[in-house]
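Welcome, and please open the structure in your viewer. We will go from stop to stop, selecting a few residues each time and looking at what is there.

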Amino acid sequence: MEVLKIATAGSVDDGKSTLIGRILYDTQSLTTDKLEAIEAKSKANGFDYLDFSLATDGLVAEREQGITIDVAHIYFSSKTKSYIVADTPGHIEYTRNMVTGASTSQASIILVDARKGVIEQTYRHFFINNLLRVKDIIVAINKMDLVDFSESIYEEIKADFQEMIAKSEYKEQNITFIPVSALLGDNVVATSENTPWYSGNTLLDHLEGLEAQDVYEQSHMRFPVQMVIRPKQTHFHDFRGYAGKIYGDDLEVGDEITVLPSLTTSRVKEIYFFDQKFDKAGRGSSCTITLEDDLNISRGDMIVKNAERPNVGKQLEAKVCWMDTKELQPGTQYFLQSGSNRILAKIKGVSGVIHTDFSGEDITANSLKLNEVGNVNILMSRPLAYDSYTENKISGSFILIDAHTNTTAGVGFVK
Amino acid sequence: MELVTKDRNTIDPLEAIETHNNTATLAINPLESEAIYIFREVVAQFEKPVLLFSGGKDSITLVRLAQKAFYPSKIPFPLLHIDTGHNFPETIAFRDKLVKELGVELIVRYVQDSIDQGKVIEEKGKYASRNSLQTTTLLDALEEFKFDAAIGGARRDEEKARAKERIFSVRDDFGQWDEKNQRPELFDHLNGKISLGQNVRVFPISNWTELDVWSYIAKEKIEIPSIYFAHTRKTFVRDGMIWSADDAVYREEDEVVEERLVRFRTVGDMSCTAAVLSDAVTLEKVVEEIRASTISERGARIDDKRSEAAMEKRKQQGYF
């Protein structure tokens, strides 16, 4: 079955968790015991309606404060698809969690409160989805019940949002506007009678119509080697397989390949998946390949097709979203990890902090604080094979790991 | 009960390759592909990983995925079973057979030993369970063998606190989960760097649902313990749930034992795992039943019913 990964983003009280809860309820995805728990808790809290956010807010602190702190993963399925929803926090201090959710999603739902319209946080949410090049964006204009399902308010918000799209860098996103009431269910799963002026799909119908693909999209084939498989058993005495996941495009037996960074070449001899051999494997498959020639290949190397070589170098420029409380400072060392490749790196410089409201950048800044996005110049101790993020999402992105605390301190998108 | 066909473990690898010499394109199962990717990252990034094996369907699925990830090499880490002493006998027999077929090392550590050493105190009475006592035995075993990565079959769809779990979940010296300070996980860039004393819990089937697991078991024809299929069993009913009438399960005198046709949806400690009425005797029937079910899988786990935050509290203390 197809798997569609979606992220949700919204400000505090936009009703994000309520929307997800509503989808679960209307698609009969909530089991009786979970539903009973929600009913009991809603009653205990004194609500005269079902508080669907209780279905997703999993941590004690979240239920106490009535907000989402961490990324929660929610699962439901329709007749045609399995859905994985990354429900992310709306608070400004949890921007990093939003980036995390969007990084593994093909589509994003951005919630806008119909009473408030496009606000500063909407800019930030859209900016992140634009920066990460999430392919399908659904702008759910929520709480329509509180503005009397007014068409003019909906149109105003839509116009404001479109103004923002005009300022964005990546314009190939598919953006769809839907007027909803998560609390009452209008246009979420069932078509609303309160919005006769709206002729588009309901939220679920729209999701059903999306073609589920992996987040990495069609591009040049990239095969980062995760490990070398050498069984040293009688049957497989000379077996030397390279295990990894195929990104971007198909790989076929007989393909002429180049290994990076060594630039040695060979041809694909066999493609294994468990105990079977295949002539061809598509992007997204975790397989093991063997080559015609005995080459010195190890974890971190990248196998590509001869005609589609990426950049190889010790220096790169990237947009970095910072996720650590300790600021990113020039001169500091980090481990840069892209897929299976981890290299010691040094921050050469920060050349500006990008405003997340599309109003340009602050070129005087020379460090990055938590939740900021900036232009960063990085020097590596060994050559890395990389693409620009616009060309290839896996070989064009990386994380920065703090060399002392080992935490994931930031994520980079190669220019 | 002969319900499943011959297991792939017993097929000679070379013979298998020759007979399965396909000329087709590999069909992708995104969840399977993701799990295999995670397994390979664990082995590449950690010095001493271990797979936590309960004999339940999720850990059996993990074993099949691990076989696939490293083929034709053998699974490059041992299996660790934390034995509560309240296991279903069918599970233990199944475990020993599987380990023998795979040729992997099995380590067993007993909750009873932790009790005898006075490290934990056995719960008493009607709702007594050894489930939460497992944590101490598990942490001791991780320390004893210096395992730095423990691979588990937990899934995010099981429970609300698990929905927030990372693929690589870092634990401190005390095995504690700091839920508010988790590392962000971006794209496929899995960060397994840890400091001395820390270890990682790894969840390769995080994104699978119960139905995904069952569909996979059916498709792959994976052998599973017989208690997952409908069978006649001596049981009694308490609080609307059906319990196995075994010595390990506390029973009041007025709780009447009757034979019922039941199966189990999860295989945990006998004292906290309830059965469901079922006539599903084949994998196909089980999948059908799960698809139509309106009760969640953990709805039959009494340990989660203790309080709304039961799982979160156990996880903070090092439960997996």
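Leaving aside its neighbours within four places in sequence, which residues is A:Phe161 in contact with? Select A:Phe161 and you will find A:Ile110, A:Val112, A:Val118, A:Thr122, A:Phe126, A:Val139 and A:Phe177 in contact with it, where contact means heavy atoms within 4.5 Å.

Before moving on, some ground rules. This is a predicted model, in which local features need pLDDT of at least 70, side-chain atom pairs count only at pLDDT 80 or more, and totals for chains, interfaces and linings use all residues. Residues are numbered from 1 along each chain as its sequence is written, chains are lettered from A and ligands numbered from 1 in the order in which they are written, and side-chain values use heavy atoms, with hydrogens and water left out.

**The cores**

Keep A:Phe161 selected and add A:Leu132 and B:Phe39: these three touch the most other members of the largest nonpolar core, which has 166 residues. Helix 2 (residues 30–45) of chain B gives the most to this core, with 8 residues. A nonpolar core is a set of buried Ala, Val, Leu, Ile, Met, Phe, Trp, Tyr and Cys residues joined through side-chain atoms within 4.5 Å. Buried means under 20% relative accessible area, exposed over 50%, and partly exposed in between (1.4 Å probe, protein chains only). Helices (H or I, at least four residues) and strands (E, at least two) are DSSP runs, numbered from the N terminus. For a second, separate core of 23 residues, select A:Val353, A:Leu368, A:Val376 and A:Ala409, which are among its members.

**The open sheet of chain A**

Next, show the strands of chain A and look for an open sheet of 6 strands, in the order 2-3-1-4-5-6 with mixed pairing. Strand 2 (72–77) and strand 6 (174–179) of chain A stand at the edges; each has a single partner strand, so one side of each is left without a neighbour in the sheet. From one strand to the next, the twist averages 25 degrees. Two strands pair if DSSP finds at least two bridges between them.

Zoom in on strand 5 (residues 136–142) of chain A, which runs parallel to strand 6 of chain A and is joined to it by 6 bridges. Here A:Ala140 stands opposite A:Ile178 in strand 6 of chain A. Now add helix 5 (residues 120–131) of chain A, which packs on the sheet and touches strand 1, strand 4, strand 5 and strand 6 of chain A. The direction of this helix makes about 170 degrees with that of strand 4 of chain A; axes are lines fitted to C-alpha atoms, for helices over the stretch in contact, and angles run from 0 to 180 degrees between N-to-C directions.

Just past strand 5, select A:Lys143, in the loop between strand 5 and helix 6 (151–167) of chain A. A:Lys143 has a positive phi of about 65 degrees although it is not a glycine, and A:Lys143 counts as buried because its relative accessible area is 18%.

**Around strand 11 of chain A**

Move to strand 10 (residues 256–260) and strand 11 (residues 264–273) of chain A, which pair in the antiparallel sense over 4 bridges. A:Glu256 has A:Arg267 as its bridge partner in strand 11 of chain A. In the loop between these strands lies A:Pro261, and the peptide bond from A:Leu260 to A:Pro261 is cis, with omega near 10 degrees.

Follow strand 11 of chain A onward to its hairpin with strand 12 of chain A, which has 2 residues between the strands. Is A:Phe274, in the turn, buried or exposed? A:Phe274 is buried, at 6% relative accessibility.

**Where the chains meet**

Finally, colour the two chains separately: 84 residues of chain A are in contact with 71 residues of chain B. Between them the chains bury about 6,800 Å², 56% of it on carbon and sulfur atoms. Buried area is the accessible area (1.4 Å probe) that two parts lose on being put together, summed over both. Select A:Tyr75, A:Phe274 and A:Asp275, which supply 11% of the area that chain A buries against chain B, more than any other three residues.
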